[in-house]
Amino acid sequence: MAELTGRDAIRAALEQEMARDERVVLLGEDVAPGGVFKTTPGLVDRFGAERVWDTPISEQAIVGSAMGAAMGGLRPVAEIMFADFYATCWDLVANEIAKTRYMTGGQVRLPLVVRGSNGGGGLGFGAQHSQSAESWAMCVPGLKIACPSTPSDFKGLLAGAIREEDPVLVFEHKGLYGRTGEVPDGDHVVALGESHTLREGSDVTLVGLAFTVGICEAAADQLADEGISAEVIDLRTLVPLDVAAVLRSVATTNRLVIVEEGPGQLGWSASLAAIVSDEGFDDLDAPVLRVCGASVPLPAAGVLEEEVNPNAQRVIAAVRRMS
Amino acid sequence: MPAVNMPRLSDSMESGVIVSWLVSDGESVESGAPLVEIETDKATMVYEAPAAGVLRIEVQEGETADVGAQLATLHGDASGSDAGSASDGGSASDRGSASDRGSASDGGGGEKPVQVAEGATTEGGSADPDPKSTSEPATASGSNGAGTRERIIASPVARRLAAQAGVDLGTLRGTGPRGRIVKRDVQAAQAAAPEPSAAPEASAAREPSAPEPPADRVGDGGEVQKLTRVQQVIARRMSESHEVVPDFSLTVEVDMAALLELRARMRAEADEQPIPSVTDFVVKASALALRRTPRANGSYRDGAWQLHDPVSVGLAVAAQESLLVPAVRDADRLSLGEIARRTRELARRARDGRLTPAELDGATFTVSNLGMFGIDRFVAIVNAPQAAILAVGAVGDRVVAHEGAPAIRPRMEMTLSCDHRILYGADAAQFLAAIRDGLQRPTRLLLG
């Protein structure tokens with residue numbers, strides 16, 4: 001075990017997988033100098049410029065090259081600096097990458113990863129650099145989606161994504177790059193599709209993803225002081241979605257609050273709420289509640305961003321409302 | 001700081017009495033939550049909080065205030081309602097909401113007897129917004145029971161657990177948001193009543209996490225028992241009926257010799273089939289008389305006589321410290337044997353708390369028999385909006401004049417209580433005589 005930051009854990013995963021499989025290559029803006037979020041420093045020194053490619057400022061070119069590289073037999077890891085920029089490359093991501101395996105009858109598979117920073121985190125990046133884009137991607141069948149919440153998962157889930165035979169988008173919350181945590185040394189791989197129950201509880205289930213997992217934990221701490229026992233589940237991946245674990249938990253607690261950073265007018269929490277309302281109906285003691293970001297473009301001012309995004313107090317208010 | 005003003009709960013209302021504040025002074029309340037019980041000239045209704053906030057009461061319980069007068073204020077936004085709360089703000093706080101909710105028919109809660117929740121008390125007034133309720137009278141019992149079509153608000157898991165444990169949701173008091181019956185309420189009822197047949201007392205046991213209510217004691221050391229919803233409904237509807245319905249009663253004595261003889265013959269000759277009870281004969285005789293007396297099978301509503309087509313005779317059944325009135329539908333068309341089978345089934349299901357809303361619905365007349373307790377005669381309270389209720393006493397030997405000489409004959413008294421707005425004295429007398437004649441010539445009941 002080593003105490004690493006999120007960004008160091010990403011670098012550790014890349015180094016682990018590049019050392020293990022020489023077909024793994026990196027491409028993106030400024031990845032050779034180490035990346036603007038410092039997730040790739042030194043990799044070009046160890047693996048050479050043939051495997052760590054700097055690209056022009058064109059997200060379309062990046063994901064298009066990654067697609068071609070994957071078709072050609074490599075296992076590319078493309079960096080999209082800000083997930084907001086997926087907006088410029090949906091044709092390739094949604095229409096090509098997500099559908100190639102299906103439309104070729106399984107003859108062509110694309111073992112590629114697109115990763116990059118996502119979400120707000122109170123850093124004041126503003127409306128075009130702070131969005132939670134994971135729910136955009138979830139609308140497109142054919143893409144796997146991972147959203148790690150801890151340094152350990154930053155390493156394990158990225159390694160797991162790289163070993164997938166199909167395209168995976170990894171959304172790295174930029175508010176977690178600087179957080180530290182224990183990360184297993186050596187080969188550390190987390191398979192996609194298994195949620196993690198951080199703490200067990202009996203009164204309510206709080207489901208979070210990436211940055212909102214910490215919000216759920218903070219809320220659970222305060223609720224414990226009030227005598228309310230909250231179970232906290234980190235979903236870890238949206239596709240595959242670990243519905244079974246959430247249903248198991250709700251069967252015990254009978255109440256569910258889902259915390260999503262993205263705007264509540266749509267989003268993965270709505271999909272999960274609908275599934276639980278259907279398959280878990282007879283276990284519910286209260287309506288499934290969602291605590292989401294407000295449906296507005298994210299403000300750049302820090303205090304306003306805090307106002308818009310979910311926080312522990314709003315989670316606690318939701319729990320009180322249902323008990 | 002929103003004010004809570006005395007709402008106009010009926011067209012004729014000019015002032016109202018604060019019966020009870022359902023939220024204590026200084027407590028926070030959510031928008032749409034039951035706030036205060038207000039007694040009007042017509043009924044007692046629950047008024048919901050028009051906004052969220054901390055309650056400051058200005059008019060105390062028992063006091064009267066004019067429509068529009070300020071009753072309380074709601075300070076600030078008390079319970080941190082998050083962004084999502086707007087979506088459930090649909091619990092309209094205007095005066096229509098209580099009766100709107102009251103008129104909702106049972107959407108699917110299906111298998112349980114349906115009870116009246118707070119607020120379903122506008123019927124009898126002129127403001128009933130539900131056209132259906134004018135054609136389908138509610139099934140509250142006259143001298144006793146109650147139960148109408150209002151949906152029970154209970155969470156899915158509470159419904160499932162209650163069904164598994166045989167707990168009647170209608171007997172529970174919900175402690176969840178807006179009075180929703182939640183899991184802990186069912187668990188408390190189970191804990192309080194290990195025998196499924198015993199009456200659950202919702203306040204008897206709670207989960208440790210729930211705040212323990214202060215023990216209510218009477219000044220003399222006795223205890224104060226909170227009413228279940230059904231008991232609340234019975235109390236309210238009976239007072240309403242007693243206050244509103246101009247009633248009168250008629251009594252006849254029935255010679256039961258022929259009927260008892262017929263029963264004895266049935267008992268001797270029937271195989272496995274249940275022998276119709278005296279009550280079953282009364283149901284059949286009443287049903288045939290109702291068929292011939294449309295206004296006895298009707299309702300006085302909104303200044304009109306509603307003459308119902310089906311003849312459905314409700315039977316008052318004591319159940320779980322409560323009273324239910326399951327209906328024998330189309331009793332005029334059923335044979336005595338079929339009535340006997342149905343009344344046994346209905347009584348059993350009533351005692352088990354397993355009557356369906358359909359079985360509790362739609363009686364057009366009620367029979368209440370206390371004869372099994374040795375009661376000779378009693379006067380029942382009309383079960384509005386039904387026109388009349390028949391109170392049946394015990395069959396007993398009496399010395400009477402018979403064919404010119406004293407004789408000992410089995411006799412039974414029946415007292416009919418009537419709503420004079422629809423059933424007048426002479427009509428009622430003929431109706432009651434028709435029931436008596438049917439019972440005194442019971443072979444007619446086999447043919448009818």
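**Exercise 1. A hairpin in chain B**

Task: In S11(B), which residue is the bridge partner of Ser299(B)?

Solution. Step 1: the bridge partner of Ser299(B) in S11(B) is Gln306(B). This is read from a predicted model.
Step 2: the strands concerned are S10 (residues 298–301) and S11 (residues 304–307) of chain B, which pair in the antiparallel sense over four bridges.
Step 3: S10(B) and S11(B) form a hairpin with two residues between them. In the turn, Asp302(B) has a positive phi of about 50°.

**Exercise 2. The four-stranded sheet of chain B**

Task: State in which order the strands of the open sheet of four strands in chain B lie, and which strands are at its edges.

Solution. Step 1: the order is S1-S8-S6-S3 in chain B, with antiparallel pairing.
Step 2: strand S1 (3–5) and strand S3 (28–29) of chain B are the edge strands, and each pairs on one side only.
Step 3: S3(B) runs antiparallel to strand S6 (residues 53–57) of chain B, and two bridges join them. Within S6(B), Gly53(B) stands opposite Val29(B).

**Exercise 3. The six-stranded sheet and its helices**

Task: Describe the open sheet of six strands in chain B and the helices that lie across its strands.

Solution. Step 1: the strand order is S9-S18-S17-S16-S12-S15 in chain B, and the pairing is mixed.
Step 2: strand S9 (247–255) and strand S15 (327–328) of chain B stand at the edges; each has a single partner strand, so one side of each is left without a neighbour in the sheet.
Step 3: a parallel pair is formed by strand S12 (residues 313–315) and strand S16 (residues 365–369) of chain B, over three bridges. Here Gly314(B) has Thr366(B) in S16(B) as its bridge partner.
Step 4: helix H7 (residues 278–292) of chain B lies across S12, S16, strand S17 (388–402) and strand S18 (405–419) of chain B, and runs at about 155° to S16(B).
Step 5: helix H10 (residues 425–440) of chain B lies across S9, S16, S17 and S18 of chain B, at about 25° to S9(B).

**Exercise 4. The interface of chains A and B**

Task: How many residues of each chain are in contact, and what does chain A contribute to its side?

Solution. Step 1: 18 residues of chain A are in contact with 17 residues of chain B.
Step 2: the two chains bury about 1400 Å² between them, with 43% of it on carbon and sulfur atoms. Asp282(A), Asp285(A) and Arg321(A) supply 44% of the area that chain A buries against chain B, more than any other three residues.
Step 3: six residue pairs are in polar contact across the interface. On the side of chain A that touches chain B, strand S14 (289–293) and helix H12 (312–322) of chain A are the elements that give two or more residues. H12(A) gives the largest share, five residues.
Step 4: by class, this side of chain A has eight nonpolar, three polar and seven charged residues.

**Exercise 5. Salt bridges**

Task: Find a salt bridge between chains A and B, and one within chain A.

Solution. Step 1: the cut-off is a side-chain nitrogen of Lys or Arg within 4 Å of a carboxyl oxygen of Asp or Glu.
Step 2: the count between chain A and chain B is one. Asp283(A) forms a salt bridge with Arg160(B), with the closest N and O atoms 2.5 Å apart.
Step 3: over all chains, the whole structure has 35 salt bridges. One of them joins Arg163(A) and Glu17(A), whose closest N and O atoms are 2.9 Å apart.
Step 4: Arg163(A) lies in the loop between helix H7 (151–162) and strand S7 (168–173) of chain A, and Glu17(A) lies in helix H1 (residues 6–20) of chain A, so the pair ties together parts that are 146 residues apart in sequence.

Notes
Residues numbered from 1 in each chain as written. Chains lettered and ligands numbered in written order. Predicted model: local features only at pLDDT ≥ 70, side-chain atom pairs only at ≥ 80, totals over all residues. Heavy atoms only, no water. Contact = heavy atoms within 4.5 Å. Buried area = accessible area lost by both parts, 1.4 Å probe. Polar contact = N/O pair within 3.5 Å; in protein donor to acceptor, adjacent residues only side chain to side chain. Nonpolar A, V, L, I, M, F, W, Y, C, P; charged D, E, K, R; others polar. Pairing = 2+ DSSP bridges. Axes fitted to C-alpha atoms, helices over the stretch in contact; angles between N-to-C directions.
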